[in-house]
Amino acid sequence: STGGLTGDIWMSWLMAPSADGRLGLNFNGSVKGFGGADNVRVIAVGSSFNVYGPGTNSATGVFTAGDTYLILGLLQMDAAGTDDRLRLWVDPNVGLGEVDLLANQTPLHDRVLDNNIMGTSLETVGIVAYSATSNPGYLDSLRLSNDSDGFTAVTGVPVPEPSTLALLAAGGLVAMAGRQRRKAALAAATAGGVAGGGPLSSTEE
């Protein structure tokens, strides 16, 4: 359980999907019931990345089996529970910080979750991992934060100084260093990561 997160909730995780697996996250599943029409899930289905609940938004040709991806999400919980919003980026350039990400990098998914689908707080986050024929892949390093510096908390990227922004814009620094470190960590730890035989529900704050 996350203890009921509200407001702007940043999240990130590393994911290495398989060719025929189903791998991702389920939000408030114990509250709404897993698999229900209004149950919100974000799942890699082979090479596609889908958002469910209600209905399905699918982006195809996103993943290559065995490759590792950084997923970054922003879930904005509406106080009245009527117009929550979920945005998801795959391998974003986080080096320029939160302001640049929101202004200049189009999310792969941008979904309004209306009609009180999520309630007024994020209560639980479950890991979905299954495959009929093989390992569904690996999911690791799940981070959640609704603090004022939530973006930094889940990416490890501090707010850049003006001089750093100039260098990044000019290509003088490696903007993706944080993502590469986390990818390397997953590659080194896949033997012990969450896979088909691992736990079906896990959270990390």
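These exercises with worked solutions cover the sheet, the cores and the ring pairs of a predicted model.

Residues are numbered from 1 along each chain as its sequence is written, and side-chain values use heavy atoms, with hydrogens and water left out. Local features need pLDDT of at least 70 and side-chain atom pairs count only at pLDDT 80 or more, while totals for chains, interfaces and linings use all residues.

**Exercise 1. The open sheet**

Task: Give the order of the 5 strands in the open sheet, and find which strands stand at the edges.

Solution:
1. Fix the terms. Helices (H or I, at least four residues) and strands (E, at least two) are DSSP runs, numbered from the N terminus. Two strands pair if DSSP finds at least two bridges between them.
2. Start with β6 (residues 69–76) and β7 (residues 83–90). They run antiparallel and are joined by 6 bridges. L72 has W89 in β7 as its bridge partner.
3. Go on to β8 (residues 109–114). It pairs with β7 in the antiparallel sense, over 6 bridges. Here R87 stands opposite D110 of β8.
4. Take β1 (residues 8–17) and β10. They are antiparallel, with 7 bridges. M11 has L144 as its bridge partner in β10.
5. Read off the order: β8-β7-β6-β1-β10, with antiparallel pairing.
6. Find the edges. β8 and β10 (137–145) each have a single partner strand, so one side of each lacks a neighbour in the sheet.
7. Add the twist. Neighbouring strands are turned by 20° against each other on average, direction ignored. Axes here are lines fitted to C-alpha atoms, for helices over the stretch in contact, and angles run from 0 to 180 degrees between N-to-C directions.

**Exercise 2. L70**

Task: Is L70 buried or exposed?

Solution:
1. Place the residue: L70 lies in strand β6.
2. Apply the cut-offs. Buried means under 20% relative accessible area, exposed over 50%, partly exposed in between (1.4 Å probe, protein chains only).
3. The relative accessible area of L70 is 3%, and L70 is buried.
4. Check a distant residue. L14 is 56 residues from L70 along the chain, yet their C-alpha atoms are separated by 4.8 Å.

**Exercise 3. The nonpolar cores**

Task: Which residues of the largest nonpolar core touch the most other members?

Solution:
1. Define the core: buried Ala, Val, Leu, Ile, Met, Phe, Trp, Tyr and Cys residues joined through side-chain atoms within 4.5 Å.
2. The largest core has 32 residues. W13, M15, L25, F27, V42, F49 and L75 touch the most other members.
3. Ask which strand gives the most. That is β1, with 4 residues.
4. Another core lies apart from this one. It has 9 residues, among them L74, W89, V94 and L101.

**Exercise 4. Ring pairs**

Task: Classify the pair W10 and F151, and say which parts it ties together.

Solution:
1. Rings of Phe, Tyr and Trp (its six-membered ring) pair if their centres lie within 6.5 Å; planes under 30 degrees apart count as stacked, over 60 as edge-to-face and the rest as tilted.
2. This rule gives 4 aromatic pairs.
3. The W10 and F151 centres are 5.2 Å apart and the planes stand at 80°, so the pair is edge-to-face.
4. W10 lies in β1 and F151 in helix α3 (residues 150–155), so the pair ties together parts 141 residues apart in sequence.
5. W10 is buried at 4% relative accessible area, and F151 is buried at 3%.
6. Compare F49 and F63: edge-to-face, 5.3 Å centre to centre, 70° between the planes. F49 is buried, and so is F63.
7. Finish with the cluster: ring pairs link W10, W89 and F151.
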